[in-house]
Amino acid sequence: MSTLKYIISLGFVCLSSIGSAQDTITPFYPQRYGLRVGTDLYRAARNFYDKDYNGFEIDADYRLSKRWFAAAELGKEKITKDEDQLNFTTNGSFIKVGVDFNAHQNWMDLENMIYAGFRYGFSSFSQNLNSYTIYSPNSYFDKTLETPNKKFSGLTAHWLEFVAGIRTRIFDNVFLGFSVRLNGLVYQKEPENFENLYIPGYNKKYSGGIGVGMNYSISYLIPLYKSQKVVIPPVEVNPLEESKPSTNKK
């Protein structure tokens, strides 16, 4: 008889242990990690409506953790600018590397981004001075157009770039994004008796070595693996415990 009681008691202990284990099971949902590759739609579209521009940009990022992404951009640009007193052509390539931080708290398995980040940019390019205008000191209306067609090669530029943008998933692996850029020039090699007025990847250079830009991107995620993220379930309150009178003495 005592053996039967022991078996029954052991059974209740096992059932209690299983129930406790089930209570502590926390649901999971997968977090996808992989390489996302895309292109700049603004530069791609500009090739069609601007006869003085030819270029492209390829974007990529790789998810390092829940919120951090390694990012890189590379491309090539050739542009002819007709300023007030001179006409020049810039031709070269660029690369940028950095990180993005996603400040957006996604719900469940969403992968949208509201992010900020930094890039280190480098460009190698040439400048071609097509023509420039010389005004005569004798008369305001007299001017001479010079066409030296002089090329300056071996030019370089380094800069830091602050990035802020958004990215949203429109299909399973397809994302659309927009970002704005603020650039600060660190170092540049300029041609003799001329100035780098436009730098590939950096855009137009304003006074003080400041540049601005924007990016419209479409990209595709290549999933490489999945991790598991814990979902904290809501706390359930026992109504019987709520109805118990308070035992605190005043």
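Strands β3 and β4 pair in the antiparallel sense, and 15 bridges hold the record of that pairing. The model discussed here is a predicted one. A hairpin of three residues takes the chain from β3 to β4. For a landmark along this pair, look for Ala72, which stands opposite Val97 in β4.

On the other side of the story, β3 also has β2 as a partner. These two strands run antiparallel as well, with 11 bridges between them, and they too make a hairpin, with four residues in between. Two pairs of residues help to fix the register. Asn54 stands opposite Lys78 in β3, and Asp61 has Ala71 of β3 as its bridge partner.

Strand β2, residues 53-63, has two faces that are easy to tell apart in a list. Tyr53, Gly55, Glu57, Asp59, Asp61 and Arg63 make up the covered face. Asn54, Phe56, Ile58, Ala60 and Tyr62 make up the uncovered one. So of the residues just met as bridge partners, Asp61 belongs to the covered face and Asn54 to the uncovered face.Zooming out, the chain has three helices and 11 strands. Read from the N terminus, the order of elements is α-β-α-β-β-β-β-β-β-β-β-β-β-α. The chain counts 250 residues, and 33% of them are buried. Contacts often reach far along the sequence: among those between residues at least 6 apart, 65% join residues at least 24 apart.

Phe175 gives a good close-up of such contacts. This residue sits in strand β8, which covers residues 174-188. Is Phe175 buried or exposed? Phe175 counts as buried because its relative accessibility is 0%, and the cut-off for buried is under 20%. Setting aside neighbours within four places in sequence, Phe175 touches Arg36, Glu111, Arg167, Thr168, Arg169, Ser217, Ile218, Ser219 and Leu221. Take Leu221 from that list: 46 residues separate Phe175 and Leu221 along the chain, yet their C-alpha atoms are 7.9 Å apart.

Next comes the largest nonpolar core, a set of 14 residues. Phe125, Phe152, Ala157, Trp159, Phe194 and Ile199 have the most contacts inside it. At least two core residues come from each of β4 (86-102), β5 (113-135), β7 (150-169) and β9 (198-199). The top contributor is β7, which gives four residues to this core.

Then there is the empty space. Rolling a probe the size of a water molecule over the atoms reveals where such space is left. In this model, three cavities of 30 Å³ or more turn up. The largest cavity holds about 230 Å³ of space. Its lining takes in 22 residues, and Arg63, Lys66, Phe69, Asn106 and Glu111 are the closest to its centre. Strands β1 (28-40), β2 and β11 each supply at least two residues of the lining of the largest cavity, and β1 gives the most, with five. Sorted by class, that lining has seven nonpolar, seven polar and eight charged residues. Two names here are already familiar: Arg63 is on the covered face of β2, and Glu111 is one of the contacts of Phe175.

The second largest cavity has about 160 Å³ of space. Its 19 lining residues include Asp59, Ala60, Asp61, Glu73 and Arg167, which lie nearest the centre. Quite a few strands take part: β1, β2, β3, β5, β7, β8 and β11 give two or more residues to this lining. By class, the lining of the second largest cavity splits into six nonpolar, five polar and eight charged residues. Here again some old acquaintances show up. Asp59 and Asp61 are on the covered face of β2, whereas Ala60 is on the uncovered one, and Arg167 is among the residues in contact with Phe175.

Finally, the model has pockets, which are open. About 240 Å³ of space lies in the largest pocket. Which residues lie nearest its centre? Of the 13 that line the largest pocket, these are Tyr42, Arg46, Tyr198, Asn203 and Val212. The elements giving two or more residues to the lining of this pocket are α2 (41-49), β3 (68-82), β10 (203-204) and β11 (210-230). The pocket lining divides into six nonpolar, two polar and five charged residues.

Terms used:
Residues are numbered from 1 along each chain as its sequence is written. This is a predicted model: local features need pLDDT of at least 70, side-chain atom pairs count only at pLDDT 80 or more; totals for chains, interfaces and linings use all residues. Side-chain values use heavy atoms; hydrogens and water are left out. On a 1 Å grid over the protein atoms alone, a cavity is a set of points where a 1.4 Å probe fits but cannot get out, and a pocket is an open set with protein on both sides within 12 Å along at least five of seven lines; lining residues have an atom within 4 Å of a point. Grid points are joined across faces, edges and corners, and a volume is the space filled by probe spheres set on the points. Ala, Val, Leu, Ile, Met, Phe, Trp, Tyr, Cys and Pro count as nonpolar, Asp, Glu, Lys and Arg as charged, and the others, Gly among them, as polar. Buried means under 20% relative accessible area, exposed over 50%, partly exposed in between (1.4 Å probe, protein chains only). Two strands pair if DSSP finds at least two bridges between them. Contact means heavy atoms within 4.5 Å. A nonpolar core is a set of buried Ala, Val, Leu, Ile, Met, Phe, Trp, Tyr and Cys residues joined through side-chain atoms within 4.5 Å.
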